Amino acid sequence: TAHIHQDARPQKNSCDFSGLSFVILQLFAIFAFATCGGYTGQLRVSVDCMEKASSNLSIGIDFGYPFRLHQVSFEAPACEATRRERVFLIGDYSSSAEFFVTIAVFAFLYSLVATVVYVFFLNKYREISRAPLIDFTVTVVFSFMWLVSSSAWAKALSDVKLATDPDEVQLLIPACKIQTNKCGSVHGARWSGVNTSVAFGFLNFVLWAGNIWFVFKETGWHKGASRLAGGASEKQAGTFNQQPYNQGSFEQSGSYSSQGQPSEYSEVGGPTSYSNQM
Ligand SMILES: *[C@@H]1O[C@H](CO)[C@@H](O)[C@H](O)[C@H]1NC(C)=O
């Protein structure tokens, strides 16, 4: 039983590390879709008519995710007795906003599944030779999608800011086109929350792109390359080797630099790891 215990320890360390990195990816994905998908903002304009009785100096206009601004309307005084007119904002930015949130939600779900697999089914994952390959491909696709969706959302958000600028919204009110009426902006929408969603989008891109390396190590291409280069498959050896190798995964990665490692352990570890890949 002592033998089994020694085998299990390095394996546990390496899976904890991967599990933790996937938990971080989950959190950042949640921040990204929550800050974008949960956004609501309000701007406020004033219409000061020549006949003061029909003025409205505080017209609030609410909007939010998914930024279908052409469906957002408000009542503005027509400056003719008590008549009012319905005014619509311009633009539909839902495709970019929904694309961003969709990628964030799927990235969250994938990293949730990956956490469960890494923490509870790491042995099964390594037995199925195609699993790391699929993991690698999905991670590459997700980092690309984070880049594309964050860029699209950043562009859409700057357009939304322009379309909901109180100074621009005033120009849509028919009564404001008449010189004798005075229109003004009371306040614009707050953007700090939704600005963070763009920042989190690009941060997620960086994290996923960085995670490509960790997943790449699981594909075996890296191990094949390191054997060809004369190095031994240290990581695999440390994980599957029958030899009592009690150090954790961080010390294992440290052994890349020190070439003076005992060669017998890598020779024993090498063949077992390659048979696992096939
Ligand atoms: C001004 O417009 C708001 C809508 O934003 C409305 O609720 C309010 O009753 C209006 N005030 C007057 C005096 O018409």
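## A tour from the ligand to a helix pair

Begin by selecting the ligand together with Asn56, Ser58, Ile59, Gly60 and Arg84, the residues that surround it; keep in mind throughout that this is a predicted model. If you colour this shell by class, you will find one nonpolar, three polar and one charged residues. Now display strand β2, which spans residues 56-64, and you will see that it supplies four residues, the largest share of the shell around the ligand.

Next, show the oxygen atoms of the ligand and go through the polar atoms that face them. On Asn56, a polar side-chain atom is placed 2.3 Å from a ligand oxygen atom, while on Arg84 a polar side-chain atom is found 3.2 Å from an oxygen atom of the ligand. For Gly60 the backbone should be displayed, since there a backbone N or O atom lies 3.0 Å from an oxygen atom of the ligand. With a surface switched on, consider how much of the ligand is covered: taken alone it exposes 360 Å², and the protein buries 46% of that area.

From β2, move along the chain into the loop that leads to β3 (73-77), where Pro66 is found. Select Tyr65 and Pro66 and look at the peptide bond joining them, which is cis, with omega of about 5°. Then select Phe67, which is also located in the loop between β2 and β3 and which, although not a glycine, has a positive phi of about 60°. As background for both stops, most peptide bonds are trans, and most residues other than glycine have a negative phi.

Finally, select helix α2 (residues 94-120) and helix α6 (residues 192-219), which pack at an angle of about 35° with their axes 12 Å apart, in a crossing that is left-handed. To view the contact itself, show the side of α2 formed by Phe100, Ala107, Tyr110, Ser111 and Tyr118, which meet Ser197, Gly201, Trp208, Val215 and Glu218 in α6. Coloured by class, this contact of α2 with α6 contains six nonpolar, three polar and one charged residues.

Technical notes
Residues numbered from 1 in each chain as written. Predicted model: local features only at pLDDT ≥ 70, side-chain atom pairs only at ≥ 80, totals over all residues. Heavy atoms only, no water. Near = heavy atom within 4 Å. Polar contact = N/O pair within 3.5 Å; in protein donor to acceptor, adjacent residues only side chain to side chain. Areas by Shrake-Rupley, 256 points an atom, 1.4 Å probe, with all protein chains shown as cover. Helix = DSSP H or I, 4+ residues; strand = E, 2+ residues; numbered from the N terminus. Nonpolar A, V, L, I, M, F, W, Y, C, P; charged D, E, K, R; others polar. Axes fitted to C-alpha atoms, helices over the stretch in contact; angles between N-to-C directions. Left-handed = near helix turned anticlockwise from the far one by under 90°. Contact = heavy atoms within 4.5 Å.
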